[in-house]
Amino acid sequence: MNTWPGGYQAEVTVANNGATTLNGWTVRLTLASGQAISSLWNGVNTGTSGSVSVRNAAYNGTLGANASTTFGFTATGNGATAPSGVSCTSP
């Protein structure tokens, strides 16, 4: 979404493209070397650098059919390299 010297802001959309309701989601991603999450909203993160997991907040975990939600974060480090290995699962 935005970069500046020494940091960046990102937004991730979690979408339910299925026909049934999802009850909870978890996004896993790997930040590039030197990057670290400094703040995160609309989710709960485990870890701030390297391999990071973000699970839904209490208010945005239920996604009906064809619904979506977003979470975002700011991070320190070079924003030129996007997170890798991004995956999403639902319990």
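**Aromatic pairs and buried residues around Trp25**

In this predicted model, Trp25 counts as buried, because its relative accessibility is 2% and buried residues are those under 20%. The place of Trp25 in the chain is the loop between β3 (22–23) and β4 (26–30).

The aromatic rings were examined next. A pair of aromatic rings is described by the distance of the centres and the angle of the planes. A search of the whole structure finds two aromatic pairs. In one of these, the ring centres of Tyr8 and Phe73 lie 6.1 Å apart and the planes meet at 75°, so the pair is classed as edge-to-face, given that planes over 60 degrees apart fall into that class. Distant parts of the chain are linked by this pair, since Tyr8 belongs to strand β2 and Phe73 to strand β9 (residues 68–76), with their positions 65 residues apart in the numbering. Both Tyr8 and Phe73 are buried.

The rings of Trp25 and Phe71 also form a pair, with centres 5.8 Å apart and planes at 15°, and this pair is therefore described as stacked, the cut-off for stacking being planes under 30 degrees apart. Here too the pair links distant parts of the chain, for Trp25 sits in a loop whereas Phe71 is part of strand β9, and the two residues are 46 residues apart. Phe71 has a relative accessible area of 1% and is therefore buried.

Val14 touches both members of the stacked pair, as Trp25 and Phe71 are among the residues in contact with Val14 once its neighbours within four places in sequence are left aside. The other residues in contact with Val14 on this basis are Val27, Leu63, Ala67, Ser68, Thr69 and Cys88. Val14 is found in strand β2, which covers residues 7–15, and with a relative accessible area of 2% Val14 is likewise buried. Although Val14 and Phe71 are 57 residues apart in sequence, their C-alpha atoms are 8.0 Å apart in space.

Trp25 is also approached by a polar side chain, that of Asn56, which reaches the backbone nitrogen of Trp25 at 3.0 Å. Asn56 is located in the loop between β7 (51–55) and β8 (62–63), and its relative accessibility of 17% means that Asn56 counts as buried, since the limit is 20%. Apart from neighbours within four places in sequence, Asn56 is in contact with Gly24, Trp25, Gly43, Val44 and Gly61. Trp25 thus appears both among the contacts of Asn56 and among those of Val14.

Terms used:
Residues numbered from 1 in each chain as written. Predicted model: local features only at pLDDT ≥ 70, side-chain atom pairs only at ≥ 80, totals over all residues. Heavy atoms only, no water. Helix = DSSP H or I, 4+ residues; strand = E, 2+ residues; numbered from the N terminus. Buried < 20%, exposed > 50% of the residue type's maximum accessible area, 1.4 Å probe, protein only. Contact = heavy atoms within 4.5 Å. Polar contact = N/O pair within 3.5 Å; in protein donor to acceptor, adjacent residues only side chain to side chain. Phe/Tyr/Trp six-rings, centres within 6.5 Å; stacked < 30°, edge-to-face > 60°.
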